[in-house]
Every structure is written in structure tokens, then in C-alpha cells.
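Please look through the sequence and the structure shown here before reading on. The paragraphs that follow lead from the chain as a whole to its sheet, its helices and one loop residue.

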Amino acid sequence: MKILVCITHVPDTTSKIQFTDNNTKFDKSGVQFIIGPYDDYALARAVELKEQTGGSLTVLNVGEAETEPTIRKALAIGADDAIRVNAFPKDSLFVAKQIAHYAKEGGYDLILMGRESIDFNGGMVHGMVGELLGMPSISPVMKLDIEGSTAKMAREIEGGKEYLEVSLPFIAGCQEPIAEWKIPNMRGIMSARTKPLNIVDAVSDETATSVVEFQLPPAKGDVKLIDKDNVEELVRLLKNEAKVL
């Protein structure tokens, strides 16, 4: 089985976010970057499936040279090799076109990625890749087992879970609890240094969107403390100020 895992290079969840150039560009100064947490779940399950089937596992990232430490971490966790598309990930369509091109060239049986990145939270790439490749695309996948040429999955739906079966190849957008995150050990870290990391050019510059402006969420207001016995005042504030009633 040939598995492709697509990973994002995103700010750590504890990072303080700022913007530059009249709020049109993300300020990377002093920001620690990580593998997207949902991609981490996809990678962890892919490593387990690789070990079960004796297959191969490739990771792919669309990004510039600064993403290579993130890719090396994925190699240390258990991927066999990596592809870095040498381009800034302009938008979901641009990224999807890169993934679709190299996935088609590689003939992968299974393509996994996070259900969404935690920077833009678009949740669109897996669906776009499925459309471009003419493959089923299912998200968010919480459980994934492979039996021969069939995948058995569970995913969240409104008010419950849905259980599905699909024939390989297909694409899954993953989330917890599909697998436990894996921490690279020393052996993995050392071996990652010599695993192939192939740098390729982008195959298309097509985009569908452009950034007009980024905005930070409004600052939190002062906290109002209400006496536990003053129910009328609490209801009044929730209705007239918070406007949640």
C-alpha cells in the first residue's frame, strides 16, 4: 500500500498572532511552527497502517524552505520520504492542485490529511483534491481501518456518527481520535536526517482567492460579577448586553 500524508506548517497554538503590511500579511517574527494538529492525527494513523501492511509512506507539504524542519519531524515520526512543493501556499485551490498533481503521479492508494489547517480553518483541500482526482473524499474521519482494498470508517455527523465503507483509493480528512499523536524518538530523529526530501516546483499558479485584510478578534471586555442570588440581574445582562437570550 502506498500512502500519502499531506501536512501543513502552522503556528503553534500558543503563538501570539500579529499582522504586518496594513494587516495583509501574517507576521512570522518569533513564532514557533508545528505540524498541523489534525495532520498529526493523519500522520499517526498512516504510520500504523504502514506498519500493518508493510507499505510505504510519503509526506507532502506545499511550502517554502522554512517548512523543512516540520517535514523532517514527520520523517522522524515514521514517513519514508517527503516531497516539498517549493511555493507559498497561496490558497486552498493552489494547494489542492499541487497535491492532486503529485498524488496522481505517485499512484497512491490512500491520501490522508487533517480535516482542516488550524491557521485558516478552511476545511476545503481534501474535497478539492478528491474532485481533481475523481476520488471519494470523506471528512471528518474519526476511525479508519483497511481490510484488503476496502476502508472502513467512522465520522462525525450532526447529532451522531456515520459508519462508511469505501474502496481504495480515496482521500480522508482526519481528526481525533483516529490515532494517538506520535513523538519522534532518537532513532527516528537520526534516521530522518538521511531520508529523501525531494524539492519540486509548483505545477500551477492558479488561485481563487486573495487576502484583503486580516483582523484580530476584539479584545475581551471586563468581567462583571453578579451575586449568585441576583437572578433577575443576570437574566437582564444576558438579554440586553450579551444578547444571548
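Two residues are in contact when they have heavy atoms within 4.5 Å of each other. Among contacts in the chain between residues at least 6 apart in sequence, 68% join residues that are at least 24 apart. This is a predicted model, in which local features need pLDDT of at least 70 and side-chain atom pairs count only at pLDDT 80 or more, whereas totals for chains, interfaces and linings use all residues. Residues are numbered from 1 along each chain as its sequence is written, and side-chain values use heavy atoms, with hydrogens and water left out.

The C-alpha trace of the chain spans about 65 × 45 × 40 Å along its principal axes. Of its 245 residues, 41% count as buried, a term for residues under 20% relative accessible area, with exposed meaning over 50% and partly exposed in between (1.4 Å probe, protein chains only). The secondary structure comes to 6 helices and 13 strands; helices (H or I, at least four residues) and strands (E, at least two) are DSSP runs, numbered from the N terminus.

An open sheet of 9 strands, with mixed pairing, follows the order S11-S10-S9-S12-S8-S1-S6-S7-S13, where two strands pair if DSSP finds at least two bridges between them. At its edges lie strand S11 (160–167) and strand S13 (197–200), each of which pairs on one side only. Neighbouring strands of this sheet are turned by 30° against each other on average, direction ignored; axes here are lines fitted to C-alpha atoms, for helices over the stretch in contact, and angles run from 0 to 180 degrees between N-to-C directions.

Within this sheet, strand S8 (residues 110–114) runs parallel to strand S12 (residues 170–174) and is joined to S12 by 5 bridges, with Ile111 having Ile171 as its bridge partner in S12. S8 also pairs with S1 in the parallel sense, over 4 bridges, and here the bridge partner of Ile3 in S8 is Leu110. Because 5 of the 5 residues of S8 are buried, S8 is largely enclosed by the rest of the structure.

Two helices can be followed against the strands. Helix H1 (residues 37–53) lies across strand S1 (2–6), strand S6 (56–63), S8, strand S9 (137–147) and S12, and runs at about 150° to S8. Helix H2 (residues 68–77) lies across S6, strand S7 (81–86) and S13, running at about 160° to S7. The buried residues of H2 include Thr70, Ile71 and Ala74, and H2 is followed by Gly78, whose phi is positive, near 150°.

Which residues does Ile7 touch, not counting residues up to four places away in sequence? Ile7, found in the loop between S1 and strand S2 (9–11), touches Ile35, Asp39, Leu60, Asn61, Thr70, Ile71 and Ala74. Ile7 is buried, with a relative accessible area of 4%. Ile7 and Ile34 are 27 residues apart in sequence, and their C-alpha atoms are 9.9 Å apart in space.
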